[in-house]
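Subject: The structure I promised you

Hello,

Here is the structure we talked about, with some notes to help you find your way around. Please open it alongside this email and read at your own pace.

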Amino acid sequence: MSEAAAARIPEVLRATSISLAAIALALAASAVLILLAGADPLVAYWALLQGAVGDGFALGNTLARTTPLIFTGLAVAFAFRCNLLNIGAEGQLYAGALASVVIGIYLTGLPAVLHIALAIAGGFMAGAAWGGVAGYLRSARGINEIISTIMLNFVAIFFVSYLVHGPLAEPPGFFHQTAMVAESARLPVLYAKSDLSIAIFIAVGFALVTAYVLWRTPFGLKLRAVGESTGTARFAGVPVNRYVFGAMSVSGGLAGLAGTTEMIGGQYRLLDFFSPGYGFDGIAVAFLGRSDPIGVVFAAFLFAALRVGANQMQRTTGLPTSLILVIQGMVILFILGVAVLEWHRRRRRG
Amino acid sequence: MPLLRMERITKTFPGVVANDRVDFAVDRGEIHALLGENGSGKTTLMNALYGLHRPDSGRMLLDGEEVGFTSPIDAIAAGIGMVHQHFMLVPPLTVVENIVLGLKTANARGSPLLDLRTAAARIRELAAAHGLDIDTDAQVWQLPVGAQQRVEILKALYRDADLLILDEPTAVLAPSEVEHLIGVLRSLAASGKAIIFISHKLNEVMEVADRISVLRGGRLAGTVAAAETDPSELARLMVGRDIVPPRRRSSRPGAPVLWIEDLSVRDDRGLRAVDGVGFSLFEGEILGIAGVDGNGQKELTEAIAGVRAVEDGRLDLPGLAPSRGARFRDIGHVTEDRHQTGLLMSFRLWENLALKSSGRPPFGSPFWLRVGAMRDATVRAIETFSIKAPGPDIPASVLSGGNQQKLVLARELGLGPKLLLAAQPTRGLDVGATEYVHRRLLAARDDGMAILLVSTELDEILALSDRILVMYEGRAMGQVNADEVTRETIGLMMSGIASREAATGSAS
Ligand SMILES: Nc1ncnc2c1ncn2[C@@H]1O[C@H](COP(=O)(O)OP(=O)(O)O)[C@@H](O)[C@H]1O
Ligand SMILES: [Mg+2]
């Protein structure tokens, strides 16, 4: 390992231990809630664990759910490195899903490799275009990206809803859904029972590429420089507005891939409101992963495991699955708590 | 018996010994200056006393009793007050509110209710006694820096501090305010308070202090009585060697690098900050831009650097690359504000150093960074510019101000620019670092670099420049040869009351 990489180790360890501690504290605090609800926390957590990773089927489900969360988590993390808050991953996900489904259904007669590559590229570009709208508004018009991405979510989600109710509805149109994508556009399946495809490998691959881009390319360095200080970046000759636009576009593209892999990796057809909020969970995933692509992979797995395991927990203990939302919220709160503590310590030292 | 005695205080941070067995003592009624270059450990020593750091070893005696504060609250209770380099005030609160903030009993009768009227009366009394004039009802954000500093001092006095620590109090003050502050400190000392005055400016400590303790590299280099020393001895103690002002050889200007005619530039508020300025700059010379802060110097340099639009006029850079990206590497720019426009504070030293040249040899291609090469270059820069840093992987924020400035200089000179814009290159630096920066600038000039030096320090302008242009309210008051001009002439031109002809006319 290079010296530079070695120098990062203490930092990574620290970040990791903070995230782990936050998770442990959240589980401990939730245990109190479980007790108050009249259940045994150990039993509940055991059921949660069994439900999430207890057997092949559970693990398959968890991994299948991890995939979109990795993409939306990467999307939010990438924008955040440029000091942009992308709340629009949900909308960009729908844009990506739409493009991929259209390519998957209507472009036929292609060899599978090419068809899949086109669906992925189309999903990325559609998400990037949708993110790029917010990027353009921010860099050229000074419009806050938080507001614009929230608004663009509604546009994308309801536009897709309109399409599956009319123009893109599968003939004869009884159901509000599109047709299935062609066989040649479907990702190879790893485990059919739980809709697990090789999409999970694609997601991890993109995480590695994103990490590389951020830390090992001039583009990444300048993008992070813009995120740290626009003044310094501008005076060093970085075209700040172009980087803001670029960061939002790439971020949107990554979120778009969450839609793509849902479509060609298991669902095969587009329904309205098909996403259970992967785009919004991506914000929490990025946060827990400390905006580090590798951290995002682990955080996505954890959030997926919590969601998947929740059903088993409910069956065993009668606790509502919404308890999982409480745990997730508490993880975020504890991380925020640590951030505040750090901030205080730094002020004291300064 | 001294009021405070610190014995063999040692404090280490990862990779740095900030204080190394330092002995230090202050008497009642004494102004004791703590002198040292940036990073020599002055603040750390005082933070150890004030309960912000725990020293690794050593002992502290207050009034003969051993103490060891674990928080500023304990230190304040023991009669120690500290005015930090960065003020700790709450801007939207009034002066009285700030001063009583955090006190358990804000009034004499011990009731839990705030009695601001009584507090204000007592504050005014304290203020009047020591010449600390202040409007107690003003909100702090409305006050100029000098007044905020007086609030900090009053805060300490209100808490009955016997020992007052001021960390670089003059760094933020204008010359007239410094005079005023010194008067206040004298009055406080006369009333029996002990005062620790931190500074890295020789003349200042000579003027204000009774005794002077000099720190160098975390160690006590010596304690001397102000009456028995002189600036050159202090400089020697501080830097560890004699300070010789750099000598400027006569310049041999070459081809033109910068050509400006009738240039007008607007500032951030849209007002015309540069108004019809014209001059030229050649290889191998230093053109000094003199002037009081805020007379268009900043906008002028930013326009030349290409980060601010030119409103009108001509700005040519013959011999420099025409493309925007390449131009940023042809022009070195030591900016006025390291924090906002110079460095990426949380980024590693090597990321800062390579920021402008990443993506090109030897630091990689557009698609990858050669981190090894960048780190090696940083290690070399740390050596050549004697930057005090344990290695290339630490964040820039850990460096002291002087070392941050050296890092900026290393980056901007390292590109081998044809033109260097140096805006206030030694602001906030101590003697040693200033001397060093001056030498580097002169050496770069001798190697043929064209340098535009913007400074509000007349001494700096006179020491380095071949030619001097004085700016006043956005206009060029005139251009003079550095060898033929007196301080008085330039001073007159800086205050705008004389154009060049009138000034030289009245001077001769
Ligand atoms: N909190 C800290 N963590 C690590 N190093 C520090 C910290 N505070 C100061 N230092 C280091 O200790 C040395 C002394 O710093 P300081 O006391 O601030 O110097 P001064 O006040 O004389 O400029 C410097 O090398 C500085 O980088
Ligand atoms: Mg200091």
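Let me begin with the second largest cavity, which has a volume of about 40 Å³. Please keep in mind throughout that this is a predicted model. Around this cavity you will find Arg65(A), Leu69(A), Tyr278(A), Asp281(A), Phe303(A), Ala304(A) and Arg307(A). Helix 3 (56-81), helix 11 (278-288) and helix 12 (293-317) of chain A each give two or more residues to that lining. Helix 12 of chain A has the largest share, with 3 residues. By class, the lining of the second largest cavity holds 4 nonpolar and 3 charged residues, and no polar ones.

How many cavities of 30 Å³ or more turn up in a search of the whole structure? There are 3. The largest cavity has a volume of about 50 Å³, and residues of both chains line it. From chain A come Thr232(A), Phe235(A) and Ala236(A). From chain B come His333(B), Thr335(B), Thr341(B), Gly342(B), Lys356(B), Arg411(B) and Glu412(B). Three elements each supply at least two residues here: helix 9 (230-235) of chain A, and helix 11 (338-342) and helix 14 (401-414) of chain B. The lining of the largest cavity splits into 2 nonpolar, 5 polar and 3 charged residues.

Now to the place where the chains meet.

In the model, 34 residues of chain B are in contact with 24 residues of chain A. The size of an interface is often given as the accessible area lost when the parts come together. For chain B and chain A, the buried area is about 2600 Å², and carbon and sulfur atoms give 59% of it. The rule finds 2 salt bridges across this interface. In one of them, the side chains of Glu351(B) and Arg224(A) meet at 2.9 Å, N to O. As for polar contacts, 10 residue pairs between chain B and chain A are counted, with both residues at pLDDT 80 or more.

Which elements of chain B each supply at least two residues of the side that touches chain A? They are helix 11, helix 12 (349-354), strand 17 (368-369) and helix 13 (371-384) of chain B. Helix 11 of chain B brings the largest share, 4 residues. By class, the side of chain B that touches chain A has 16 nonpolar, 12 polar and 6 charged residues.

Next, an open space rather than a closed one. The second largest pocket holds about 440 Å³. It is lined by 25 residues, and those closest to its centre are Asn61(A), Ala64(A), Arg65(A), Ser194(A) and Val308(A). You have met Arg65(A) already, in the lining of the second largest cavity. The elements of chain A that give two or more residues to the pocket lining are helix 2 (41-53), helix 3, strand 2 (196-197), helix 7 (199-216), helix 10 (240-267) and helix 12. Of these, helix 3 of chain A gives the most, with 6 residues. The lining of the second largest pocket has 8 nonpolar, 12 polar and 5 charged residues.

Last come a few details of the backbone that you may like to look up:

- The peptide bond from Pro171(A) to Pro172(A) is cis, with omega near 0°. Pro172(A) sits in the loop between helix 6 (145-165) and strand 1 (189-191) of chain A.
- The peptide bond from Pro361(B) to Pro362(B) is also cis, with omega near 5°. You can find Pro362(B) in the loop between helix 12 and strand 16 (364-365) of chain B.
- Tyr268(A) is not a glycine, yet has a positive phi of about 65°. The loop that holds Tyr268(A) runs between helix 10 and helix 11 of chain A.

If you would like a starting point on screen, try Glu351(B) and Arg224(A), whose side chains form a salt bridge. From there, you could go on to the largest cavity, with Thr232(A) and His333(B) among its lining residues.

Enjoy exploring, and write back whenever you like.

Best wishes

Note on methods. Residues numbered from 1 in each chain as written. Chains lettered and ligands numbered in written order. Predicted model: local features only at pLDDT ≥ 70, side-chain atom pairs only at ≥ 80, totals over all residues. Heavy atoms only, no water. 1 Å grid on protein atoms, 1.4 Å probe; cavity = no way out; pocket = protein on both sides within 12 Å on 5 of 7 lines; lining within 4 Å. Points joined across faces, edges and corners; volume = space filled by probe spheres on them. Nonpolar A, V, L, I, M, F, W, Y, C, P; charged D, E, K, R; others polar. Contact = heavy atoms within 4.5 Å. Buried area = accessible area lost by both parts, 1.4 Å probe. Salt bridge = Lys/Arg side-chain N within 4 Å of Asp/Glu carboxyl O. Polar contact = N/O pair within 3.5 Å; in protein donor to acceptor, adjacent residues only side chain to side chain.
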